[in-house]
2 protein chains.
Amino acid sequence: MDDMTPLPLWRRVSEDIVARIVNGALRPGVMLPSEIDLGREMGVSQGTARRALRDLERRGIVERRQGRGTVVAIRTPETDHFHFFRLRHADGSEAQPMLASETLQRRRSTAAERAALGSETKYVYALDRIRSIGGKRIVREFSVVPVLLFPALEDRIPLPNALYAFWQDAYGIAIQKADERLRAVRADAADADAMDVAEGDPLIEVTRQAVDLSDRIVELRRSRYVTDDLAYTISLR
Amino acid sequence: MDDMTPLPLWRRVSEDIVARIVNGALRPGVMLPSEIDLGREMGVSQGTARRALRDLERRGIVERRQGRGTVVAIRTPETDHFHFFRLRHADGSEAQPMLASETLQRRRSTAAERAALGSETKYVYALDRIRSIGGKRIVREFSVVPVLLFPALEDRIPLPNALYAFWQDAYGIAIQKADERLRAVRADAADADAMDVAEGDPLIEVTRQAVDLSDRIVELRRSRYVTDDLAYTISLR
DNA sequence: CAGTGGTCTAGACCACTCA
DNA sequence: GAGTGGTCTAGACCACTGG
């Protein structure tokens, strides 16, 4: 598993900054040193510091603006939510979901959850939410997160619409990517009860694993979408 | 629409190379000049030529290997097909689809097709395919492409499994990205007839627009997937 | 062994931002 | 006007590839 060759200098610089973000020394919105200063601090040239910052920018971890500087990226409800929430109208515009209901439960983890989240995950929070768009309830989400990573989550109820922005803000856990599997399923009785859909209607079910900056799986999520008026939209490159 | 600032030097270099690929002067698999030679040819430094090549590599247009050189990327049936064909087994492994049937028809374009493919698209080829995986017919694909871009396509029947690799090879049209919209639908009588699925069963329907290196929409595709054993798999970053 | 891309440095000029 | 990132140059050394 180990790589014989050491990491390039620029990568060590960028990983050092990631580590500072993960351990909380750098918080979202904070200004980073300039390329020249960063290079001096780390004992590398400006070009190398520049490359590290460019790497972080490409990964969406920092934001750079000419004349202004480099700041740790903030996951706002806008940027964050719409990046990981893929339902769009027919014209491609973003859908504005509202939270219709929310329940949070603390319980023992299942074997499958421990397999994905790590064996130290004895307890989890199970968060069930229903979202409506344009007055129609068309999304059910079942999220599972380790209690260890999100202590005292029940005290924060009601949770904000955009979970990932909240996690970064309140727990310092930043989502890097989400791996998803989509399948078509029939709405069951519970779906018909919770959403504006008839039992037996086709839904898209999305199973997601959300991965943070430390490459840990920090959330398991299963979502069910009614796709009558909105579609799940992606771009393959 | 126009940008006041001129393109950076490195971008002009990379766009020049893209143009050479588009017009056929550079074909897939061909070796590019080294960074130093390219810089000399274009009157820029090695660093700038390097940046242009890195840009092309990031966009998947060329492949670079230390010690070997830079070549125009080849869309092989493996690399290409599995990039744009997202069905995966439960363990994440790639599914091996077989072509179960194929029909090609030349006809006038519809108004909707002209809106997407360009008003000069008077005629299109409509390609309908059924794919099977593990002996089960679980994919229907309806592709529409302009006759102008793919002349004499009927002479190439049967078309290979991986369409995009074939297009690049036979017509010099390289797919850069594909924008997709996913919805859950019920299998109709034609689906039940063509695939191993019962009428009314839930399917995922994917509507795709494929875009080439010149930013033209060159294909409209509608696919229907049975997701009992396989799931549509993506990664959001 | 010659040639390639990967990394790294040092320095220059420019465009942009903000006080 | 001082400071930032964006671009560009010129040159160095290294690791890898292939004959």
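A polar contact is a pair of N or O atoms within 3.5 Å; within protein, one atom must be able to donate a hydrogen and the other to accept it, and residues adjacent in sequence count only if both atoms are side-chain atoms. With that in hand, the DNA makes a good starting point. The side chain of Arg51(B) places an N or O atom 2.9 Å from a phosphate oxygen of DNA strand D. For Thr48(B), the distance from a side-chain N or O atom to a phosphate oxygen of this strand is 2.3 Å, and a polar side-chain atom of Arg64(A) lies 2.8 Å from one.

A word on the model helps here. The structure is predicted, so local features need pLDDT of at least 70 and side-chain atom pairs count only at pLDDT 80 or more, while totals for chains, interfaces and linings use all residues. Residues are numbered from 1 along each chain as its sequence is written, chains are lettered from A and ligands numbered from 1 in the order in which they are written, and side-chain values use heavy atoms, leaving out hydrogens and water.

Around DNA strand D there are 19 residues, the closest being Arg50(A), Leu9(B), Trp10(B), Thr48(B) and Gln66(B) (near means a heavy atom within 4 Å). Of the strand's atoms that come within 4 Å of the protein, 73% belong to sugar and phosphate. Strands E1 (62–65) and E2 (69–72) of chain A and helices H1 (9–22) and H3 (46–58) of chain B each supply at least two residues of this surface; helices (H or I, at least four residues) and strands (E, at least two) are DSSP runs numbered from the N terminus.

The two protein chains also meet each other. Each of chain A and chain B brings 35 residues to the contact (heavy atoms within 4.5 Å). Together they bury about 3,000 Å², with 48% of it on carbon and sulfur atoms; buried area is the accessible area (1.4 Å probe) that two parts lose on being put together, summed over both. Arg181(A), Ile234(A) and Leu236(A) provide 23% of the area chain A buries here, more than any other three residues.

Between the chains there are 2 salt bridges (a side-chain nitrogen of Lys or Arg within 4 Å of a carboxyl oxygen of Asp or Glu). Arg186(A) and Asp201(B) form a salt bridge at 2.7 Å, N to O. The interface also holds 22 residue pairs in polar contact, both residues at pLDDT 80 or more.
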